[in-house]
Amino acid sequence: MKILISNTSNLAIYEQIVHQIKDAVIAGEITAGEMLPSIRSLAKDLQISVITTKRAYEELEKEGLIYSVAGKGFYIAEQNTNMLKEKKVQILEKELEKLAAEWRKAGLAKEDMIDYIRVLFEEWEDEKKSYN
């Protein structure tokens with residue numbers, strides 16, 4: 001799992017970490033029982049403050065996504081990935097609604113948007129094939 005921080009994101013850094021760890025769980029990149037980097041290690045790797053990393057881990061722990069073992073570290077908790085996916089879909093639906101509204105404001109047709117989405121998915125599929 002690789003976490004990337006964006007300076008141009010509207011999300012706070014700790015929120016970016018939370019979202020990326022959730023996405024990694026949904027995608028199966030990290031699984032139940034897997035150990036996360038220590039708070040200090042992740043802060044060092046991302047070149048951010050320990051406080052920011054701690055806040056992200058606290059948020060994930062509060063949501064039940066991770067758990068801590070005293071003196072050992074943080075681990076991915078057993079998840080209901082269907083519930084995580086559903087929450088992600090709800091967020092994406094809202095974003096898609098905003099995008100569709102902007103598309104209409106620009107005077108573009110629904111078919112154009114659908115065609116564009118098809119092209120994007122075809123490009124992603126081609127990229128995926130080239131990596132395999």
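## Exercises on surface patches, core and salt bridges

Asp126 is partly exposed, with a relative accessible area of 48%. The exercises below concern a predicted model, and the first of them starts from this residue.

**Exercise 1.** Determine in which helix Asp126 lies and which residues form the negative surface patch with Asp126.

*Solution.*
- Step 1. Asp126 is placed in helix H5, which covers residues 110–131.
- Step 2. A patch residue needs over 30% relative accessible area; Asp126, at 48%, is partly exposed.
- Step 3. The partners of Asp126 in the negative patch are Glu122, Glu123, Glu125 and Glu127.

**Exercise 2.** Identify the residues of the nonpolar surface patch and state which element gives the largest share.

*Solution.*
- Step 1. Leu96, Leu99, Tyr116, Ile117, Phe121 and Trp124 make up a nonpolar surface patch of about 600 Å².
- Step 2. Two or more residues of this patch come from each of helix H4 (81–105) and H5.
- Step 3. H5 gives four residues, the largest share.
- Step 4. Phe121 serves as an example: this residue belongs to helix H5 and, with a relative accessibility of 46%, counts as partly exposed.

**Exercise 3.** Describe the largest nonpolar core by its most connected members and by the elements that supply it.

*Solution.*
- Step 1. The largest nonpolar core has 22 residues, among which Ile17, Ile21, Tyr57 and Ile66 touch the most other members.
- Step 2. At least two core residues are supplied by each of helix H1 (13–26), helix H2 (39–46), helix H3 (50–62) and strand S2 (73–76).
- Step 3. The greatest contribution is that of H1, with six residues.
- Step 4. As general background, nonpolar side chains in soluble globular proteins tend to be buried together.

**Exercise 4.** Establish how many salt bridges the whole structure holds, and explain what the pair Lys22 and Glu63 ties together.

*Solution.*
- Step 1. The search of the whole structure yields seven salt bridges.
- Step 2. In one of them, the side chains of Lys22 and Glu63 meet with an N to O distance of 2.6 Å.
- Step 3. Because Lys22 lies in helix H1 and Glu63 in the loop between H3 and strand S1 (66–69), this pair ties together parts that are 41 residues apart in sequence.
- Step 4. Glu63 has a relative accessible area of 39% and is partly exposed.

**Exercise 5.** Analyse the salt bridges of Glu58 with Lys54 and of Lys98 with Glu95 in terms of sequence separation and exposure.

*Solution.*
- Step 1. The side chains of Glu58 and Lys54 meet at 2.4 Å, N to O. These residues are four apart in helix H3, so about one helical turn separates them.
- Step 2. Glu58 is partly exposed at 40% relative accessibility, and Lys54 is partly exposed at 40%.
- Step 3. In the salt bridge of Lys98 with Glu95, the closest N and O atoms are 3.6 Å apart. The two residues are three apart in helix H4, so about one helical turn separates them.
- Step 4. Lys98, with a relative accessible area of 53%, is exposed, whereas Glu95, with 43%, is partly exposed.

**Exercise 6.** Locate Gln47, and decide whether this residue is buried or exposed.

*Solution.*
- Step 1. Gln47 sits in the loop between H2 and H3.
- Step 2. Exposed means over 50% relative accessible area; Gln47, at 74% relative accessibility, therefore counts as exposed.
- Step 3. The backbone of Gln47 is also notable for its phi near 55°, a positive value in a residue other than glycine.

Notes:
Residues are numbered from 1 along each chain as its sequence is written. This is a predicted model: local features need pLDDT of at least 70, side-chain atom pairs count only at pLDDT 80 or more; totals for chains, interfaces and linings use all residues. Side-chain values use heavy atoms; hydrogens and water are left out. Patches are made of residues with over 30% relative accessible area and no salt bridge: like charges are joined within 9 Å, nonpolar side chains (Val, Leu, Ile, Met, Phe, Trp, Tyr) within 5 Å. Accessible areas come from the Shrake-Rupley method with a 1.4 Å probe; for residues, only the protein chains shown count as cover. A salt bridge is a side-chain nitrogen of Lys or Arg within 4 Å of a carboxyl oxygen of Asp or Glu. Lys and Arg count as positive and Asp and Glu as negative; His and the chain ends are not counted. The place of a charge is taken as NZ of Lys, CZ of Arg, CG of Asp or CD of Glu. Buried means under 20% relative accessible area, exposed over 50%, partly exposed in between (1.4 Å probe, protein chains only). A nonpolar core is a set of buried Ala, Val, Leu, Ile, Met, Phe, Trp, Tyr and Cys residues joined through side-chain atoms within 4.5 Å.
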